[in-house]
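Please prepare a formal report on the backbone features and the largest pocket of the structure shown below.

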Amino acid sequence: MTDVSDRLSGLAPSEQTFVGYLFWLSRPRFWLYLAGPVVVGVAYGASSTAEYFTPLSVALFAYFLVPANIFLYGINDIFDADIDEDNPKKSDDGKEVQYRGGRAVTVLVVLSALAAFAFVPVLPAVGVAALGGFLVLGATYSAPPLRFKTTPLLDSISNGLYIMPGLVAYAALAGELPPALVVAGGWLWTMGMHTFSAIPDIEPDQSAGIQTTATVLGHDRTLAYCAGCWLAAAVSMGLVHPGFAAVFAIYPMFIAGIVLASVDIDRAYWWFPVLNTIAGAALTMAAIWRLTYA
């Protein structure tokens, strides 16, 4: 997997160019964290397979694939510039680029956020609300004065922003939000996902004097917290359909595997996009099956 990843990285634009820098700033490894929920939302919000590739469905996927990631991670890098100087993920040997500043970058981050407003005229009210929730949480997570990422528990809760693209896509086709249990389950999933991703940052955050859920709990209790969030997500989803519970049960099993095999968290962190892709594909295929054969 590492060899394939390295080869694909070699095909990407160099971070020394402006376009290449924006490409890596948007965290291409994590693009599907936002675009993936759109696919799932479209799959379950559609009333027929023909709706999978409407102009609106495709446009939402395109927006949350790249521009939304530039907004989300760009604003994070802007307000974390000082902290990231000591972050191993942003070092010369790390897998993320170091923020280098510049007015052009700031302008593009702002424009990436404003581009979302193009969807407002074609979305139902609940879809607009979900889209607004994504923008607000995406900004307040990193930007002062709220800066949720520096407040234990709120940093975790605010990452419900990652299910917002799915809610927008579902509402765009169905005209309403998914069942409350699905929203709750998805929110719990994002809480676990965020806090798991914060474990590699425990030492850099402690050195910078920043408190997060992960720094307060420590490595082992943070893993337990993540497993608890994902177990609760599986239960909530299972009350809607047992198949959903089976998919979300993969996540606490993932934690158990890490612990039992004594896998270094810095290594497991980079496996997580693959796990999310598998889970998202399973949910999407189930929706396609339902529309095609049910």
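Which helices each supply at least two residues of the lining of the largest pocket? In this predicted model, local features need pLDDT of at least 70 and side-chain atom pairs count only at pLDDT 80 or more, while totals for chains, interfaces and linings use all residues. Residues are numbered from 1 along each chain as its sequence is written, and side-chain values use heavy atoms, without hydrogens and water.

The helices in question are α3, α9 (164-174), α10 (180-198), α13 (242-248) and α16 (272-293); helices are DSSP runs (H or I, at least four residues), numbered from the N terminus. Of these, α16 gives the largest share, 11 residues. The largest pocket holds about 890 Å³ of space. Its lining has 37 residues, and Val 40, Gly 41, Tyr 44, Phe 248 and Leu 283 are the closest to the pocket centre. A pocket here is an open set of points on a 1 Å grid over the protein atoms alone, where a 1.4 Å probe fits, with protein on both sides within 12 Å along at least five of seven lines; lining residues have an atom within 4 Å of a point. The volume is the space filled by probe spheres set on the points, which are joined across faces, edges and corners.

Two residues other than glycine have a positive phi.

| Residue | Phi | Loop | Relative accessible area |
|---|---|---|---|
| Arg 27 | about 55° | between α2 (18-25) and α3 (31-45) | 5%, buried |
| Leu 153 | near 75° | between α7 and α8 | 44%, partly exposed |

Buried means under 20% relative accessible area, exposed over 50%, and partly exposed in between (1.4 Å probe, protein chains only). A cis peptide bond, with omega about 10°, joins Pro 144 and Pro 145. Pro 145 lies in the loop between α7 (125-142) and α8 (154-157).
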